[in-house]
Every structure is written in C-alpha cells, then in structure tokens.
Amino acid sequence: MTAGLAFEPLRQDLRLYDSGPARDGSPCWAIQDPVVNRFYRIGWLEYECLLRWPGDPERIAADIEANTPLVVDGAQIEAFGRFLERHQLLLPSAEGRERMAQQASQPGWRHWRWWLHHYLFIRVPLVRPQRVLERLARFAEPLFSAQALVLVFAATLLGLVLVARQWERFTHSVLDILTPGGVVGFVIALIVSKTLHELGHALVATRLGVRVAHMGVAFLVMWPMLYTDTGESWRLRSHRQRLAVSSAGIGIELALAGLSTLAWALLDDGALRQAALYLATTGWVLTVLLNASPFMRFDGYFILSDVLDFPNLHERAGAHARVWLRHHLLGLDDPWPEPFAARTRRALVAFAFSTWLYRLLLFLGIAWAVYAFFFKALGIFLMLVEITWFILKPIWSELSVWKKRWKQVSVGRRTRLWLVLLTSGVLLALPWRMDIVTTGVAHAERQQLVFAPFPARLVEIRTTGPVEEGAVLARFDTPDLAVRESQAWTAAGNLEQRLSGLIELREEGRKQELALTGRLREQQAEARAVSEERGRLHIPAGFSGIWLDTDFALKPGVWLSVHEPLGVLIDPSNWVVDAYVDQRLVNRIQIGAPASFLPEGALSALPAQVLEVDSTRAQRLLHPMLDSRHGGLYSTKWNGRDDVPGEALYRVRLHLLEPPTTLRELRGQVRIEGLPRSLIWEAARGTLAVLIRESGF
C-alpha cells in the first residue's frame with residue numbers, strides 16, 4: 001500500500017439506502033449516483049468505511065477493527081477507495097477536474113470516434129413517464145390480482161390445447177409470416193409486444209414504489225429496442241420484489257401470447273386471426289429464445305440474479321472462471337475472489353464458460369449481420385470493430401496477464417503447456433477422415449406413379465399387393481372416345497360401300513374414287529388414333545413389384561383429373577437415397593464411398609454406398625419433405641416458377657445395401673465417409689474462399 005495515501009471526500013449528492021440482507025444474512029446497502037441514476041450494492045465493511053470517510057486507509061481499518069467484529073486491513077480500504085474513485089463517487093481532485101473539463105470540451109456524439117466506440121449499444125431516453133405510470137397503475141390494479149392470474153393461466157392452457165388439436169394448420173399459418181405482408185405484420189406485432197413488455201416493467205416498479213427515471217430506445221448494433229430504466233429497484237429491500245420487477249416484462253409477453261393463442265383458435269379466418277397469430281408467435285418465440293436467456297444482460301439474467309439473490313452474476317462468475325483457468329493451466333496460486341463453497345464455485349465457473357461460449361457465437365453472428373446489412377466497405381470495417389472489441393479484446397486482456405506472470409509458472413508446467421500446444425497443432429495439421437452428415441430421402445429406385453392419362457372415368461383399379469409385369473393396374477373409360485371411335489369406323493364403312501358401288505370408271509368416276517379413297521384413309525387413321533387413345537386408358541405394370549397407396553375411397557364411375565394419383569408401383573428389391581450436400585463439402589465425396597442411412601425414429605442405420613454425385617447445382621429439391629417448410633433441413637425460396645434451394649446444394653445418390661423394413665419413402669440422416677482433410681487446411685481454404693468471394697466491391 002502507498003504510504004500516506006489519502007482519498008478525496010465523498011460527493012455530497014450521493015444517497016445511501018438499506019438494501020436488505022445478503023444471501024449469508026449480512027446487511028447490505030445501495031449507493032445511488034443520482035447523476036447517472038446508477039446503484040452500487042455494498043456490504044457491511046464498505047458501509048463502515050463510508051461512516052469514517054475520508055481518512056488514511058490504515059487508520060480507518062484500525063478504527064473498524066476496534067469498534068466492530070470485522071477483521072480488516074488497510075489494503076481492503078484502499079481497494080474500496082479505488083472502487084469509489086473509478087466510479088466517480090468521490091469529489092474530483094485537481095487532476096480529475098482538469099480531466100473532466102477536457103472531456104466536456106470534446107465534441108462527443110458529433111465526432112466519428114464517439115460513434116466508433118458506441119455504435120454497438122446506444123441508449124436514447126425519450127420520456128419521463130412517472131406521472132402517467134402512477135395513473136395507469138391505479139387503473140391496472142385489477143390485472144395484478146390472483147383472480148386475473150388464474151384467468152390468464154386458464155385461457156392460455158385452453159388456447160394451447162385448442163391449437164394442439166389443429167397444429168398442422170397453425171404451423172402452416174406461421175409460414176405465411178415469411179411473405180412480405182407477413183413480415184410487416186410481424187414487425188407491428190413486435191412493436192406492440194415489446195411496448196407492453198416495457199410497460200409491464202414500469203407498472204410493477206411503480207406499484208412497488210420505485211421511480212422509473214425514463215423510458216426510451218436503445219440501439220443494439222443499430223437495431224432499435226425499447227428499454228425502461230428500473231435501476232432504482234435496488235432500493236427495494238426484498239429480492240423477491242426485485243424479481244417481480246425484472247420478470248414483469250416476460251410475464252406480460254407470455255400472457256399476451258397465451259391470450260393471442262386462444263384468440264387464434266377461436267376466431268374465423270381474417271385480419272383479426274392473423275393479428276392474433278403474429279402476437280402469439282412474437283411472444284412465445286422471442287420471449288423464450290431472447291429475453292429468457294441468462295447469458296446476456298436481458299430479463300433472463302436479472303431474473304436469475306434475483307432468484308439466486310446474486311448481484312453482478314456475470315462479473316463475479318467471470319472472475320472465478322479466470323482464477324480457475326490460472327489455477328489449472330498455469331498452476332498459479334491466486335486467491336479466489338470470494339470465499340464460496342466448492343459446489344458454488346464450480347457452478348459459477350460452469351456458468352461463466354457457458355456465458356463465454358454463448359456470447360462468442362452470438363457476437364460472431366452479430367458481426368456477420370453487421371457485415372451483411374451495411375454496404376460492403378462499411379460492413380467489413382464495423383465487423384472487424386465488433387470482433388476486436390467483444391471477442392479479441394477480452395482474450396488479449398487475459399493473455400496479457402498470463403504473459404506478465406509467465407515467469408511464475410513452473411518449468412514443468414511450461415513444458416507441458418508447450419507440448420499440449422504442439423500436439424494440438426500437429427493434430428490440426430494432420431488429415432482426418434471426417435464424416436459428412438446431411439439429410440436424405442430413401443425410396444425404391446424403380447417407381448411407377450399412376451395417374452389418369454387425361455380426364456376420364458375410372459372403371460377398375462387393382463387392389464394393393466404384388467403384381468406381375470404387364471398386369472393392368474387401372475382401367476378408365478371416356479364415352480366421348482367410344483362415340484368418336486364408333487363414328488369413325490361407321491364413316492369408314494360407309495365410304496367403303498360407296499367405293500364398291502362405283503361401276504362407271506369414266507373421268508368423273510375416277511376423280512370421285514380418288515376423293516372417296518382419301519376420305520376413307522382419313523377416317524381409318526382417325527379411328528386407329530382414337531383406338532390407340534383408348535388403349536392408354538388401360539395402364540399396365542411396367543415391371544414386377546408391389547402396388548401401393550391406392551385410395552380406398554375411389555370407386556368405379558368416379559371421374560379423375562390428370563393430377564390425382566391413383567397409386568404407386570415399386571420394386572422393393574432395390575433402394576436408393578437422395579441427399580443434398582453443401583458446395584464446400586461436395587469435393588470430399590468419392591464415388592463408391594461407404595455411407596449409412598438412419599431413418600427418422602429408427603434405432604439402427606442401414607449401410608449404403610455412394611452411387612453418383614451431381615456435377616451441377618440442384619435447381620430444386622426432388623422430395624418436398626426435405627424442405628424446411630415440411631420439417632426438412634433445407635430452406636427454399638420462390639423464384640417465380642418453382643421453389644429453389646436458398647444455398648448451393650449438390651445431389652448425392654446412395655445405394656442402400658439392405659432394403660428397409662417398410663415400403664414407404666423414409667426421411668432420415670445420411671452419413672457419408674469423406675476424404676481425409678486437415679482441419680487447418682479446411683479452415684484456411686474456407687477463409688480464402690470467403691475472402692475471394694467477398695472481395696469484389
């Protein structure tokens with residue numbers, strides 16, 4: 001500790017509130033900075049320091065030890081002083097006042113540097129709603145009763161049951177959101193839902209006596225979001241009351257989603273039902289996937305913190321995880337930030353690692369979104385800023401600490417670390433045989449789908465079962481063709497009789513004979529054509545197989561169009577699988593490579609072998625069940641004529657070495673043994689391909 005160190009006095013505008021006991025029962029307080037409306041929770045030791053502030057840290061420590069049961073030293077007092085100084089809770093010194101004057105003279109948001117550092121998250125206060133909230137809270141009081149809660153829960157449960165009974169129709173309706181009109185409706189529903197979400201936070205805080213300083217719009221990577229400043233909830237003594245404030249937004253959204261689900265199930269098709277669908281999907285999906293996540297500082301994080309009564313969960317868990325890494329990787333004997341039980345400490349470390357992984361994936365996704373939504377030059381620049389600030393900077397900060405303390409690491413541990421790094425590099429450089437996993441559809445290689453050749457009346461249809469080649473599968477009839485054939489043969493017969501009756505072969509007779517002969521040939525050709533057309537009404541089996549999927553509702557005498565299938569004939573002895581792989585993986589597939597096919601719901605996979613790989617990109621999916629709209633893996637988009645895959649896909653056909661137990665088409669997972677590749681080479685190759693593809697401005 002620095003000898004003779006003295007801190008500045010506390011700011012006179014700070015406020016101190018009793019914040020209720022901590023998890024271990026010790027008293028806690030909250031310091032409010034009214035300038036920025038920020039709260040800092042402190043414990044018993046910090047409270048005793050404030051009572052004696054300012055002064056020499058050693059004297060303050062000695063006085064606390066003499067008058068309280070606390071054991072403290074000057075270093076702890078100095079650390080608390082640094083905390084107060086860092087958060088500007090002390091009166092500024094001469095140097096501090098000069099620094100603040102320099103900051104005040106800066107152009108701020110009018111300068112490009114401010115936007116460079118703040119574009120990732122900006123808050124813009126819009127209204128100070130306290131008076132309006134107090135009036136609304138009185139009117140909304142019945143909504144917070146137990147009866148209202150029971151009614152909403154019952155309505156939600158009823159809505160879910162009714163939707164489950166028409167689930168297929170509900171999912172098809174959700175797909176309409178992908179249309180331009182659906183996107184507009186979804187955005188409007190999102191605005192309504194999020195407005196009520198923030199209003200829920202504000203009303204519950206107001207009911208509990210907490211002032212809502214302001215409400216406004218926050219921009220997360222330029223994406224607007226509503227927010228409510230409920231920071232003064234730290235004045236509440238009970239963590240259950242703080243939990244009520246933090247969970248109010250999610251509660252309102254779930255209630256809105258539940259009531260909208262019931263409304264969708266009860267309403268007839270129309271604008272109101274579509275609006276209910278938008279509100280339901282917005283509430284269910286975004287609330288569960290985004291707001292409820294505890295890994296970002298959204299509602300889920302604050303709810304978890306209040307449930308556990310564990311403030312600053314992210315920071316405290318991260319501090320324990322960093323010490324854990326230094327213990328286990330470097331062998332450093334750093335003290336734990338807080339004296340928790342081993343079980344609590346392991347939970348904090350696991351939560352920190354989960355948070356880091358979640359944020360890594362999220363920030364990479366945000367970086368790509370930034371690149372995609374802005375024009376290319378600005379997008380690349382902002383993406384690099386985002387990756388540097390949120391991903392590389394925290395990693396570099398921790399590695400800098402490791403570098404400074406590298407000499408404290410034992411020689412044996414250093415050797416082991418270098419060996420691990422070298423081994424990892426060798427393993428990444430070596431070529432590994434990695435399987436290619438995708439989705440495919442298994443079906444009989446030989447299939448004969450049967451339709452009516454043209455609009456006709458069904459006379460006979462064969463029952464399902466084995467059939468021989470040439471057997472009649474279906475027979476049709478059209479009275480019009482029968483009449484035309486009869487008329488053609490009758491006309492031909494009349495012409496033959498007239499020709500046989502011509503005796504005089506003078507010049508006129510010969511000309512008449514030639515004309516009648518021509519007409520006779522026309523009638524005979526028409527009769528044969530009609531006869532051949534009628535022959536198409538008898539559909540034979542093209543090969544020996546099994547006749548399936550006939551509709552038992554079809555009875556003789558029913559008229560059918562050319563688009564109504566009657567059944568399918570398959571050869572059950574030979575099965576193939578049609579699968580699709582991404583463009584970057586197709587060069588790793590070799591003809592004859594071993595593969596496997598695992599049908600959905602099956603426990604064991606069927607052996608297979610690669611038959612062929614298309615050399616051109618697939619223009620459409622051969623099987624609709626592979627489309628994401630039907631539960632498949634691949635998304636498609638409408639190009640004006642057909643649904644085309646949204647990404648570059650290549651069809652791979654496999655031959656099943658064993659036929660499946662069922663005779664139906666099966667969707668399942670395809671696993672193909674790919675050519676060996678080095679992980680480093682694949683990463684470098686993929687990165688180079690992206691750079692080349694995106695290099696054109």
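**One helix, some salt bridges and a nonpolar patch**

Let's start with helix α7. Along one side of α7, A146, Q147, L149, V150, F153, A164 and R165 are exposed. Before I go on, please note that this is a predicted model.

Now turn to the other side of α7. Which residues of α7 are buried? They are A148, A155, T156, G159, L162 and V163. Look down the axis of α7. The buried residues fall within an arc of 130°, so they line one face of the helix.

We can also check the length of α7. The helix runs over residues 146-165, which is 20 residues. At 1.5 Å a residue, α7 should span 28 Å. In the model, the C-alpha atoms at its ends are 29 Å apart, which agrees.

Next, salt bridges. Side chains of opposite charge can pair when their charged atoms come close. How many salt bridges does the structure hold? The count is 23. I'll take three pairs.

Pair one is E398 with R326. Their closest N and O atoms are 2.9 Å apart. E398 sits in helix α15, residues 376-404, and R326 sits in helix α13, residues 313-330. That pair links distant parts of the chain, 72 residues apart. Are these two residues buried or exposed? Both E398 and R326 are buried.

Pair two is R457 with D477. Here the N to O distance is 3.3 Å. R457 belongs to strand β10, residues 456-461, while D477 belongs to strand β12, residues 472-477. So this salt bridge ties together parts that are 20 residues apart in sequence. Why does R457 count as partly exposed? Because its relative accessibility is 29%, and partly exposed covers the range between under 20% and over 50%.

Pair three is R651 with E612. Their side chains meet at 3.8 Å, N to O. Again, distant parts of the chain are linked: R651 is in strand β22, residues 649-656, and E612 is in strand β19, residues 606-613. The two are 39 residues apart. R651 has a relative accessible area of 14%, so R651 is buried. E612 has 34%, so E612 is partly exposed. This pair also has company. D578, E612, D614, R651 and R653 are linked in a network of salt bridges.

From charges to the nonpolar side chains. On the surface there is a nonpolar patch of about 790 Å². Its residues are L419, L422, V426, L427, L428, L430, W432, L679 and I680. Which helix gives the most to this patch? Helix α16 does, with five residues. Both α16, residues 411-429, and α19, residues 679-694, supply at least two residues each. Take L679 as an example. L679 is found in helix α19. Its relative accessibility is 36%, so L679 counts as partly exposed.

Last stop, a loop. Where is D229? Find the loop between β6, residues 223-228, and α10, residues 239-266. D229 lies in that loop. Its relative accessibility is 7%, so D229 counts as buried. What does D229 touch, leaving out residues up to four places away in sequence? The contacts are N37, R211, V212, A213 and H214.

To recap: α7 has its buried residues on one face. The structure holds 23 salt bridges. The nonpolar patch draws most on α16. And D229, in its loop, is buried.

Key: Residues are numbered from 1 along each chain as its sequence is written. This is a predicted model: local features need pLDDT of at least 70, side-chain atom pairs count only at pLDDT 80 or more; totals for chains, interfaces and linings use all residues. Side-chain values use heavy atoms; hydrogens and water are left out. A salt bridge is a side-chain nitrogen of Lys or Arg within 4 Å of a carboxyl oxygen of Asp or Glu. Helices (H or I, at least four residues) and strands (E, at least two) are DSSP runs, numbered from the N terminus. Buried means under 20% relative accessible area, exposed over 50%, partly exposed in between (1.4 Å probe, protein chains only). The expected span of a helix is 1.5 Å times one less than its number of residues. The arc is that of the directions from the helix axis to the C-beta atoms. Patches are made of residues with over 30% relative accessible area and no salt bridge: like charges are joined within 9 Å, nonpolar side chains (Val, Leu, Ile, Met, Phe, Trp, Tyr) within 5 Å. Accessible areas come from the Shrake-Rupley method with a 1.4 Å probe; for residues, only the protein chains shown count as cover. Contact means heavy atoms within 4.5 Å.
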